[in-house]
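The exercises below invite a reader to work through one structure step by step. Please look over the sequence and the model before trying each task.

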Amino acid sequence: MNTVKGIVLAVSSALFVLPMAASAYDKGDILVKFGAASVSPESSSDNINNYIGASVGADDEVQLGVSGTYMVSDRLGLELLAATPFSHDLDGKGTLSGTDIGSIKHLPPTLSAQYYFMGSKSKFKPYVGAGVNYTVFFDEEVASPLNQAYNDLELDDSVGLSAQVGFDYQFNKKWMLNASAMYIDIDTTATLSSDDPSNPDLVVDYDLDPMVYRLNVGFTF
Ligand code: NI
């Protein structure tokens with residue numbers, strides 16, 4: 001009896017422990033996730049000065065996203081998100097509807113704390129996160145025919161908060177599938193300027209405030 005009881009105990013504790021051992025995140029683990037990252041700007045802006053009812057919007061863009069997560073504990077991770085540069089066309093809204101304003105590129109590196117609230121016992125690991133984003137705009141170009149009047153477009157850097165939800169699904173101890181949705185507060189000021197001093201600058205406060213959707217393959221080491 002003692003032997004049977006011992007085996008049952010051993011098997012049941014193994015069954016309890018094995019799934020954990022097969023899929024648990026441990027303190028010190030590094031999760032690397034890479035795949036498609038889609039940036040969908042919500043794009044609200046104030047009116048451009050001088051143009052009542054004229055504002056600015058931007059289109060969607062998909063790029064390669066890569067993130068690394070360092071597990072501070074089995075439930076808490078620190079994630080750094082990077083991506084290849086996103087480019088967006090800016091177009092006029094309101095009374096400037098149909099007008100090409102220009103194009104921009106940006107990099108949205110984001111540092112987030114992620115909390116795996118169900119712990120790490122299951123293969124399905126949902127999480128919530130919050131973080132800080134730093135966005136740099138570059139390669140700003142003024143579209144034709146606006147570039148006949150304005151030769152320079154500048155967008156200020158943005159520092160803002162981010163929030164995300166997502167999940168990892170582990171195929172095995174090494175590989176996982178990941179999906180996430182992140183909201184980033186990206187607020188900037190766009191300035192169109194001219195070498196011609198008789199041409200006043202056009203300034204607009206512009207909120208990209210995008211949703212970033214990611215679908216990734218990931219691995220743990
Ligand atoms: Ni905003």
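**Exercise 1.** Which residues line the second largest cavity?

*Solution.* Start from the nature of the model, which is a predicted one. The residues that line the second largest cavity are Ala37, Gly65, Leu81, Ala82, Ala83, Phe86, Pro108 and Val212. Next, look at where they come from: strand E5, residues 76–83, gives the largest share of this lining, with three residues. Sorted by class, the lining of the second largest cavity holds seven nonpolar residues, one polar residue and no charged ones. The space in the second largest cavity is about 30 Å³.

**Exercise 2.** Find the elements that give two or more residues to the lining of the largest cavity.

*Solution.* Begin with the count, which comes to two cavities of 30 Å³ or more. The largest cavity encloses about 70 Å³ of space, and the residues lining it include Ala190, Thr191, Leu192, Leu202, Val203 and Val204. The elements that contribute two or more residues to that lining are E13 and E14. As a last step, the classes are ten nonpolar, one polar and no charged residues in the lining of the largest cavity.

**Exercise 3.** Describe the site of the nickel ion, and decide whether Asp209 is buried or exposed.

*Solution.* First list the donors: the nickel ion is coordinated by OD atoms of Asp185, Asp187 and Asp209, with Asp209 appearing twice, at 2.0 to 2.5 Å. The angles among the four donor atoms run from 53 to 114 degrees, and the site is irregular. Along the sequence, the donor residues follow the spacing D-x1-D-x21-D. Distant parts of the chain are linked here, since Asp185 lies in the loop between strand E12 (175–184) and strand E13 (187–193), while Asp209 lies in the loop between strand E14 (202–207) and strand E15 (211–220), 24 residues apart. Finally, compare each relative accessible area with the cut-offs: Asp209 is buried because its value is 8%, whereas Asp185, at 25%, is partly exposed.

**Exercise 4.** Where does the backbone show a cis peptide bond or a positive phi outside glycine?

*Solution.* Recall that most residues other than glycine have a negative phi, and that most peptide bonds are trans. The cis peptide bond joins Ser144 and Pro145, with omega about 5 degrees, and Pro145 lies in the loop between strand E9 (124–142) and strand E10 (152–155). Asp139 has a positive phi of about 55 degrees; this residue lies in strand E9 and is partly exposed, at 44% relative accessibility. Asp209, also a donor to the nickel ion, has a positive phi near 35 degrees.

Terms used
Residues are numbered from 1 along each chain as its sequence is written. This is a predicted model: local features need pLDDT of at least 70, side-chain atom pairs count only at pLDDT 80 or more; totals for chains, interfaces and linings use all residues. Side-chain values use heavy atoms; hydrogens and water are left out. Donors are N, O and S atoms within 2.8 Å of the metal (3.2 Å for Na, K and Ca); water is not among the atoms, so sites may look incomplete. Four donors count as tetrahedral if all angles lie between 85 and 135 degrees; four count as square planar and six as octahedral if opposite donors are over 155 degrees apart and all others between 65 and 115; anything else is irregular. Helices (H or I, at least four residues) and strands (E, at least two) are DSSP runs, numbered from the N terminus. Buried means under 20% relative accessible area, exposed over 50%, partly exposed in between (1.4 Å probe, protein chains only). On a 1 Å grid over the protein atoms alone, a cavity is a set of points where a 1.4 Å probe fits but cannot get out, and a pocket is an open set with protein on both sides within 12 Å along at least five of seven lines; lining residues have an atom within 4 Å of a point. Grid points are joined across faces, edges and corners, and a volume is the space filled by probe spheres set on the points. Ala, Val, Leu, Ile, Met, Phe, Trp, Tyr, Cys and Pro count as nonpolar, Asp, Glu, Lys and Arg as charged, and the others, Gly among them, as polar.
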